[in-house]
Amino acid sequence: MKKIGLVGGISWVSTLDYYKFINEGVNARLGGLNAAECMIYSLNFGDIQAKSWIHSFDLLLNACKHLKDIGADGLVLCANTAHLFADELQNALKLPIIHIGTETAKAIQKEGFTKAGLIGTKFTMEMDFYKNKLEDYGIEALIPAKQETRDYIQQTVKDELGVGIINPITKTSYISVIDELILRGAECIILGCTEIPLLISQKDIAVPVFDTTKIHCEAIVDYIVS
C-alpha cells in the first residue's frame, strides 16, 4: 500500500469522516485487519481563519512538508477550499495531490451531467480554482446568484458546521438555496464543502447529489491500494 499524508483540521469535524471513510474503504478492498497507513497533520483552523484562506499558503505548505518528510507517497487536502493552492503545492513538493475538484468532475461526467449546482465556501463558489476543474470535464457550475446568500453559506459553514453544530433552520435554508439552483437548470448538486454533508444528504434533494468528501475518499482509497 502507498502511504498517504492528510492535511486535516480544516475543520477537524470533517477530518473525522476522512479517517473513517478511508480506513473503511481500504478494509473493504483488502479485508482482514487491513487499514490505511496514513499520517494526519491537523492544522489549527483558527490560524487559517485569522489569516483568511487566501493568505494561508504557508500554513498548508508547512503541513505538507512535514508529511513528505515522514514518508508520505501522496498528499490529501481535507477541504475543498484548501485546493485553492493544490496545484502550487504539488509543484513545490513534487508529490501527487489527489484533487477533490478533479475527482468530483470525473464522477459527474461519468453520470452524464453537464450543469451542476455548486455550494461551498464563498472562495470555492466565487473563485476559479474549483470551477476550472469542472470546466475541464465539460461541466458548468451554477452558484447562488446573490452575494448575501453566498455570505450566509460561508458564515454558517464556519460558525456552525465547522464546530459540529447541526441547525435545522440552516438545513432548511440550504435546501431553499439548492432548490433555486435546480430551477435555474442544475441537473445535480455538488456539496462542495466537506462539512456540508453533515447537514445535507441525497434524501433531502430531488436531483442527484455529489458528496465531495465521499468522492474524495474513494479516490484516496484507489490511490492507496493501487
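Let us start at Ser52, which is partly exposed, with a relative accessible area of 22%. This is a predicted model, and in it Ser52 sits in the loop that links α2 (45-51) to α3. Its phi is near 80°, a positive value in a residue other than glycine. That deserves a glance, because most residues other than glycine have a negative phi, and most peptide bonds are trans.

Lys94 makes a good companion to Ser52. Lys94 lies in the loop between α4 and α5 (100-111), and its phi, near 55°, is again positive in a residue other than glycine. Lys94 is exposed, with a relative accessible area of 67%.

The backbone has another feature to look at, this time in a peptide bond. Ile10 and Ser11 are joined by a cis peptide bond, with omega about 5°. Ser11 belongs to the loop between β1 and α1 (12-30).

Here are these backbone features side by side, with one glycine added.

| Site | Place | Backbone angle |
|---|---|---|
| Ile10 and Ser11 | Ser11 in the loop between β1 and α1 | omega about 5° |
| Ser52 | loop between α2 and α3 | phi near 80° |
| Gly71 | just after α3 | phi about 110° |
| Lys94 | loop between α4 and α5 | phi near 55° |

Gly71 leads us back to helix α3, since Gly71 takes its positive phi just after that helix. Helix α3 covers residues 57-69, and at 1.5 Å a residue its 13 residues should span 18 Å; the end C-alpha atoms are 18 Å apart, so expectation and model agree.

Which residues of α3 are buried? They are Leu60, Leu61, Ala63, Cys64 and Leu67. Looking down the axis of α3, these buried residues fall within an arc of 165°, so they line one face of the helix. A general rule helps in reading such a pattern: an α-helix has 3.6 residues a turn, so residues three or four places apart point the same way. The cover over the buried residues of α3 includes the strands β1 (4-8), β2 (38-42) and β3 (74-77), along with helix α4 (86-93).

Further along the chain, a pair of helices meets. The axes of α8 (residues 147-159) and α9 (residues 168-183) come within 11 Å and cross at roughly 145°, and the crossing is left-handed. From α8, the contact draws on Thr149, Tyr152, Ile153, Thr156 and Val157, while α9 brings Ile169, Thr170, Ser173, Tyr174 and Val177. Sorted by class, this contact has six nonpolar, four polar and no charged residues.

Finally, turn to helix α10 (residues 212-225), where Thr213 is found. Is Thr213 buried or exposed? Thr213 is buried, with a relative accessible area of 1%, which is under the 20% cut-off for that class. Leaving aside neighbours within four places in sequence, Thr213 is in contact with Asp17, Tyr18, Phe21, Thr194 and Pro197. The C-alpha atoms of Thr213 and Glu195 are separated by 8.3 Å, and these residues are 18 residues apart along the chain.

His216 also has its place in α10. At 0% relative accessibility, His216 counts as buried. What does His216 touch, not counting residues up to four places away in sequence? The list is Tyr18, Val76, Leu77, His83, Ile98, His99 and Ile100. Tyr18 thus appears among the contacts of Thr213 and among those of His216.

Note on methods. Residues are numbered from 1 along each chain as its sequence is written. This is a predicted model: local features need pLDDT of at least 70, side-chain atom pairs count only at pLDDT 80 or more; totals for chains, interfaces and linings use all residues. Side-chain values use heavy atoms; hydrogens and water are left out. Helices (H or I, at least four residues) and strands (E, at least two) are DSSP runs, numbered from the N terminus. The expected span of a helix is 1.5 Å times one less than its number of residues. Buried means under 20% relative accessible area, exposed over 50%, partly exposed in between (1.4 Å probe, protein chains only). The arc is that of the directions from the helix axis to the C-beta atoms. Contact means heavy atoms within 4.5 Å. Axes are lines fitted to C-alpha atoms, for helices over the stretch in contact, and angles run from 0 to 180 degrees between N-to-C directions. A crossing is left-handed if the near helix is turned anticlockwise from the far one by less than a right angle, and right-handed if clockwise. Ala, Val, Leu, Ile, Met, Phe, Trp, Tyr, Cys and Pro count as nonpolar, Asp, Glu, Lys and Arg as charged, and the others, Gly among them, as polar.
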